[in-house]
Amino acid sequence: MSTITAQRPPVARPSVVSLGISRIGYEVRSYFRSPDAVFFTFLFPVIMLGIFTSAFSSSGNIGTAPDGTGGISVGAYYLPGMIAAGMLLSGVQNLAVEIAGEKSDGTLKRLGGTPLSPTAYFIGKIGQTLVTGTLQVALLLAVAVFAFHIALPTDPGAWGTFAWVFLLGIVTSALLGIALSAVPRSGKSATAVVIPIVLILQFISGVYLQFNQLPEWMQNVASLFPLKWMAQGMRAVFLPQSFETLEPSGAWDLGLVALVLVGWLVVGLVLSRLTFRWIRRDA
C-alpha cells in the first residue's frame, strides 16, 4: 500500500522593502526610548532656537534699513538654520552614534543571523530619521509660531521648496550617518568622534553664526559639505527675498542646492553600502 505525502506549499519570504518598512516602527520606538537621543538630536534645535531668540532679541531686528525700519526678528533669522541643524542631528549624529553602539553591544551581529538584509536595515534607519525629523520640524515650527510669534511663509511655492529640501537633506543625512558609523572603533568612542564633526559643521555653515559674516575661506570649506546647502535652501523658504543678496553669490541658487544634495546623497549611499558590516572587520 503506497502512501502519498502531501507537500506543503513553500512559505513566501517577505520582501526586502516590506521587512524594511516593518522595521521603521521598531526603530522609532527605540529612538524615543533613548533619553540621550531625544535630548541631543530631537529637542536640541528647539532649545537652541529659544536660547538664541531670548539672548539676542534685545539687539533689534536683523536686516533693518538705514532708517531703522524693516528687517526680521532674531528668531525668524535663526529658524532656517535650526531646521537644517535638526536634519543633520537626526541623521548624521543620531545614526552614527546609534549604529556604532549596536555594533559594540552585539545587536548587529545578532541581526546578521536573521533574514534582515543590510538594505532592509537601511530602510528602517532612514525611515526612523524621516519620521523623527518630521516630528522635530513640526515641533520647531510650532514653538516658533506660538512661543516666539514668528510668521511662517504663506506662499505654496515656498512650502514646495521646503518639502524637497527637507526630503533630500534628511535622506542624505541618514545615509551619511550610516557611513560615518564605521569610523568609531566602539560605541563608547562614537560620541567623541561624531559630535565634534557635527558641531564644527554647524558653526561654519550658517546655523549659529551669520554665514555672510564668516571669513571667505571658512565659507569655502563649508560649501564642500551638505549642511551649508541645507541651511541655504531653508533660508530661501523662510527668509524674505531681500535676504538672498547676503548669500555669497547674491542668490538662493536652489538649483545648485538640489545638485549638491543629490551628489551627497549618492556619496552617502555608496559609502554606507561599502563600509557597513554586521560586525567590524577587526572585531
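These notebook entries record what I looked up in a predicted model of one protein chain.

**Entry 1: the annotated regions**

I began with the UniProt record, an unreviewed entry. Under "transmembrane region" it lists residues 37-57, 77-100, 130-152, 158-183, 190-211 and 251-271. I then examined two of these spans in the model. Residues 130-152 are 74% helix and 0% strand, and their end C-alpha atoms are 22 Å apart. Residues 251-271 are 86% helix and 0% strand, with 32 Å between the end C-alpha atoms.

**Entry 2: helix α6**

I next turned to helix α6, which covers residues 156-180 and has 25 residues. From its first C-alpha to its last it reaches 36 Å, close to the 36 Å expected at 1.5 Å a residue. Is α6 mostly covered or mostly uncovered? I found it mostly covered, since 18 of its 25 residues are buried. I also looked for a cap at the N-terminal end of α6 and found aspartate 155 in that role. A side-chain oxygen of aspartate 155 lies 3.1 Å from the backbone nitrogen of glycine 157.

**Entry 3: a nonpolar patch**

On the surface I located a nonpolar patch of about 470 Å². Its members are Phe39, Phe40, Leu43, Ile47, Ile51 and Leu139. Which helix gives the largest share of the patch? Helix α2, residues 35-56, supplies 5 residues. Leucine 139, in contrast, lies in helix α5, which runs over residues 118-146. I noted that leucine 139 has 31% relative accessibility and therefore counts as partly exposed; that class lies between the 20% limit for buried and the 50% limit for exposed.

**Entry 4: threonine 129**

I stayed with helix α5, where threonine 129 also lies. Is threonine 129 buried or exposed? Its relative accessible area is 0%, so I recorded threonine 129 as buried. I then asked which backbone oxygen the side chain of threonine 129 reaches. The partner is the backbone oxygen of lysine 125, at 3.0 Å.

**Entry 5: tyrosine 78**

My last entry concerns tyrosine 78, in helix α3, which spans residues 74-104. Tyrosine 78 has a relative accessible area of 9% and is therefore buried, the cut-off being under 20%. I compared its position with that of phenylalanine 52. How far apart are tyrosine 78 and phenylalanine 52 in sequence and in space? They are separated by 26 residues in sequence, and their C-alpha atoms are 7.7 Å apart in space.

How values were computed
Residues are numbered from 1 along each chain as its sequence is written. This is a predicted model: local features need pLDDT of at least 70, side-chain atom pairs count only at pLDDT 80 or more; totals for chains, interfaces and linings use all residues. Side-chain values use heavy atoms; hydrogens and water are left out. Helices (H or I, at least four residues) and strands (E, at least two) are DSSP runs, numbered from the N terminus. The expected span of a helix is 1.5 Å times one less than its number of residues. Buried means under 20% relative accessible area, exposed over 50%, partly exposed in between (1.4 Å probe, protein chains only). A polar contact is a pair of N or O atoms within 3.5 Å; within protein, one must be able to donate a hydrogen and the other to accept it, and residues adjacent in sequence count only if both atoms are side-chain atoms. UniProt positions are given in the numbering used here, feature names are shortened, and annotations may be inferred rather than shown by experiment. Patches are made of residues with over 30% relative accessible area and no salt bridge: like charges are joined within 9 Å, nonpolar side chains (Val, Leu, Ile, Met, Phe, Trp, Tyr) within 5 Å. Accessible areas come from the Shrake-Rupley method with a 1.4 Å probe; for residues, only the protein chains shown count as cover. A salt bridge is a side-chain nitrogen of Lys or Arg within 4 Å of a carboxyl oxygen of Asp or Glu.
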